[in-house]
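Trainee: Could you give me a close look at one part of this model, the nonpolar core? I'd like to hear about the charged pairs around there too.

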Amino acid sequence: VYALVSRGKTVLAEFTASSGNFPTVTRVLLAKIPTEDSKMSYVYDQHIFHYVVQDGITYLCMADNDFKRRVPFQFLEDLKNRFLATYGERGQTAIAFAMNAEFQHVIQRQMEYYNASPDVDTVARVQQSLDDVKDAMVENIGTSPTSSFSTSHMLILPCPSTFEHAEKVLDRGEKFELLVDRTDKLSQQSFVFNRKAKKLRKTLWWRSVKMWVCLGVLGIVRRAMRMPTVIIPCSCRAFCTL
């Protein structure tokens, strides 16, 4: 229904497919969106605002409540890639609506594509393929002649719980993607922590070595200072001091 690209509250390009107060609402929403990289959805009346923030640039769209979250976020990822491929870093310094004359047509074209094409939702395509497989298996079993029926040609239909489990896994695709992102971040943080821990351990080891060396030298000096003076008589009736 509506989409825009902005830097903070500065709108760089936007397009709306219907009339309404969407621009006014989005201006209020843009003031609340953080500048850090994030992905979120807001509900407003019968519509939902979805946005993706990357490198300070916000990609936002508004969709009907009937739409699932996968398609709007696929649309935003596509919009982000096209914007970066066209303008690169220019979005970081551009003035308001600097890209609107050109990029609003890109927003319109992609919006129409994602609204009209049933193949944009990858998970939905897999779900449809799964349903087709189930129908084909049932049809093959139902149309087999009873006279020539044999177990060697029988197709085994998985139990309904198997399909239900597969459908649940498909519906959780977004959660898996989010889990992968968080795992990558944790892996990076773990690598940095491990490197700092090794550096700290090495520093503490050298401090320990220096401390023991100093204690050893100090012990030798104190022992030398406490050593008694020995007087040895000589044949020349004098005394030699050791």
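Mentor: Let's start with the core and then turn to the polar and charged side chains.

Bear in mind that this is a predicted model, so to speak a computed one: local features need pLDDT of at least 70, side-chain atom pairs count only at pLDDT 80 or more, and totals for chains, interfaces and linings use all residues. Numbering runs from 1 along each chain as its sequence is written, and side-chain values use heavy atoms, with hydrogens and water left out.

A nonpolar core here is a set of buried Ala, Val, Leu, Ile, Met, Phe, Trp, Tyr and Cys residues joined through side-chain atoms within 4.5 Å. Buried means under 20% relative accessible area, exposed means over 50%, and partly exposed is in between, using a 1.4 Å probe and protein chains only. The largest core has 23 residues, and those touching the most other members are Val 5, Phe 75, Leu 76, Phe 83, Met 99, Phe 103 and Ile 107. Two or more residues each come from strands E1 (2–7), E2 (10–16) and E5 (57–64) and from helices H2 (70–87) and H3 (100–116). Those labels are DSSP runs numbered from the N terminus: helices are H or I with at least four residues, strands are E with at least two. H2 is the top contributor to this core, with seven residues. There's also a second, separate core of 13 residues, which includes Tyr 2, Val 25, Leu 60 and Met 62.

Now zoom in on two of the well-connected members. Setting aside neighbours within four places in sequence, Val 5 is in contact (heavy atoms within 4.5 Å) with residues including Val 11, Ile 57, Leu 79, Phe 83 and Phe 103. Ile 107, in helix H3, is buried at 0% relative accessible area. Leaving out sequence neighbours in the same way, its contacts are Ala 3, Ala 13, Glu 14, Phe 15, Phe 75 and Leu 79. Ile 107 and Phe 75 are 32 residues apart along the chain, and their C-alpha atoms are separated by 9.5 Å.

One of those core members, Leu 76, also touches a polar residue: His 50 counts it among its contacts, along with others including Tyr 59, Pro 72 and Phe 73. His 50 sits in strand E4 (residues 47–54) and is buried at 1%. Its side chain makes a 2.7 Å polar contact with that of Ser 41. For a polar contact, a pair of N or O atoms lies within 3.5 Å; within protein, one must be able to donate a hydrogen and the other to accept it, and residues adjacent in sequence count only if both atoms are side-chain atoms.

As for charge, the whole structure has three salt bridges, each a side-chain nitrogen of Lys or Arg within 4 Å of a carboxyl oxygen of Asp or Glu. Glu 14, that contact of Ile 107, pairs with Arg 27 at 3.3 Å between the closest N and O atoms. Arg 27 is in helix H1 (residues 22–30) and Glu 14 in strand E2, so this bridge ties together parts 13 residues apart in sequence. Glu 14 is buried at 16%, whereas Arg 27 is partly exposed at 29%.

Helix H2 holds two more pairs. Lys 80 meets Glu 77 at 2.9 Å, N to O, and they are about one helical turn apart because three residues separate them in H2. Lys 80 is buried at 8%, while Glu 77 is partly exposed at 26%. Asp 78 and Arg 82 also meet at 2.9 Å, N to O.
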